[in-house]
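Thank you all for making the time this morning. I would like to walk you through one model, and I will ask you to keep the structure in view while I talk.

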Amino acid sequence: MDPPNDFEALTKAFSGFGVDEDSMVSILGKWHSEHLESFRKRTPKFFLEDERLFERWDDHHIACLTKEFLRFKDIVVQWIMHPWERDARLVHEAISKGPQAYGLLIEIACTRSSEELLGARKAYQSLFDQSIEDVASRLEGIERKLLVALVSSYRYEGLRVNEGIARSEAMTLAIAVKNVDKKNPIEDDAIVRILTTRSKLHLKAVVKYYKEIYGKNIDEDLDTLMSLKETLQCLCNPQAYFSKVLNNAFKDDADENTKEALTRVIMTRSNVDMKEIIEEFDKQYKVPLTQKIEDVALGNYKDFLVSLIRRVA
């Protein structure tokens, strides 16, 4: 391969989810100093030239590239890790990042079984010498009451659903949503109790009655109440929720928190409901999840993701 093609291949190897290690090693291993100098001059998105004509890595790109090199290591470490420890570490990271990551707390609290969430709480104490409930109680923002209740819950998981109560709670939810100007529903004690104590089957019945009574899906009334919307999606339709999270991670303008979901979702759902998520993703976005990963990811990171997808497909 001549140098111009090498330059293009190396740029591509550095420009996705992960890095293309094979291309990087084969190209850089044979380059001499003049090739490296030429590459620096031809890739202004990687290198800056100051008034002295000195070429230097752009600091932002160094940070991005370092993150991409770490993706394969992170995915291997997370795959081997006990699921309870993985969730505990994810919770700890979300809390440290602040309000922009609180959605991850909702995801973990609402898509795990009661036993799995209890296990994550035990793991959190072992890892950080604190309880999740105590740390969550010190969170900032209006979501605090809901988040504390979600991570503290031990939800009923049986098959029994009281249809009369479900219908009544659909109306309670509607009243809270329609009076959002007076009080945010996620600060309402009744709404928090319903979302954090009722079984997932019961909440699906609540959502069904909401549509029957008011003629529209509750999602349509929750566009300005994202914490409540995400909570109900995670509880009642986790496959659709995870498909949306994956699709957002693939977008060109996704920030790092959003991109990290690609590793997180496949790690945490691979042995749970990944087959259903794959089917839902295909239905929603008209492209196989494996193909999307092949299009955007690189190197060992891509190969590992695809292998995990194919084992359950």
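I will go through the empty spaces in this model, then a helix pair, and then a single aromatic residue.

Before anything else, please bear in mind that what you see is a predicted model, and that the values I quote are computed from it.

Let me begin with the open space, where the largest pocket holds about 930 Å³. Of the 37 residues that line this pocket, those closest to its centre are Leu104, Asn257, Glu260, Ala261 and Arg264. If you ask which helices supply at least two residues each to that lining, the list runs to α4 (59-80), α5 (83-97) and α6 (102-111), together with α13 (226-236), α14 (238-250), α15 (256-259) and α16 (261-269). Sorted by class, the lining of the largest pocket comprises 15 charged residues and 14 nonpolar ones, with eight that are polar.

Turning now to enclosed space, the count comes to one cavity of 30 Å³ or more, and the volume of the largest cavity is about 50 Å³. Its lining is made up of Ala109, Arg112, Ser113, Ser114 and Leu117, joined by Ser153, Arg155, Glu157 and Lys200. By class, the lining of this cavity divides into four charged, three polar and two nonpolar residues.

I come back to α16, which, besides supplying residues to the pocket lining, packs against helix α19, residues 299-310. The axes of α16 and α19 lie 10 Å apart, at an angle of about 35°, and the crossing of the two helices is left-handed. What meets what across this contact? From α16 there are Leu262, Thr263, Ile266 and Met267, and on the side of α19 they meet Tyr301, Phe304, Leu305, Leu308 and Ile309. In the contact of α16 with α19, eight of the residues are nonpolar and one is polar, while no charged residue takes part.

Finally, I would draw your attention to Phe14, which sits in the loop between α1 (3-13) and α2 (21-28). Is Phe14 buried or exposed? Phe14 has a relative accessibility of 9% and therefore counts as buried, the cut-off for that being under 20%. Leaving aside residues up to four places away in sequence, Phe14 touches Met24, Phe46, His61, Leu65 and Phe69. Of these, Met24 is ten residues from Phe14 along the chain, and the C-alpha atoms of the two are separated by 8.3 Å.

That is where I will stop, and I am glad to take questions.

How values were computed:
Residues are numbered from 1 along each chain as its sequence is written. This is a predicted model: local features need pLDDT of at least 70, side-chain atom pairs count only at pLDDT 80 or more; totals for chains, interfaces and linings use all residues. Side-chain values use heavy atoms; hydrogens and water are left out. On a 1 Å grid over the protein atoms alone, a cavity is a set of points where a 1.4 Å probe fits but cannot get out, and a pocket is an open set with protein on both sides within 12 Å along at least five of seven lines; lining residues have an atom within 4 Å of a point. Grid points are joined across faces, edges and corners, and a volume is the space filled by probe spheres set on the points. Helices (H or I, at least four residues) and strands (E, at least two) are DSSP runs, numbered from the N terminus. Ala, Val, Leu, Ile, Met, Phe, Trp, Tyr, Cys and Pro count as nonpolar, Asp, Glu, Lys and Arg as charged, and the others, Gly among them, as polar. Buried means under 20% relative accessible area, exposed over 50%, partly exposed in between (1.4 Å probe, protein chains only). Contact means heavy atoms within 4.5 Å. Axes are lines fitted to C-alpha atoms, for helices over the stretch in contact, and angles run from 0 to 180 degrees between N-to-C directions. A crossing is left-handed if the near helix is turned anticlockwise from the far one by less than a right angle, and right-handed if clockwise.
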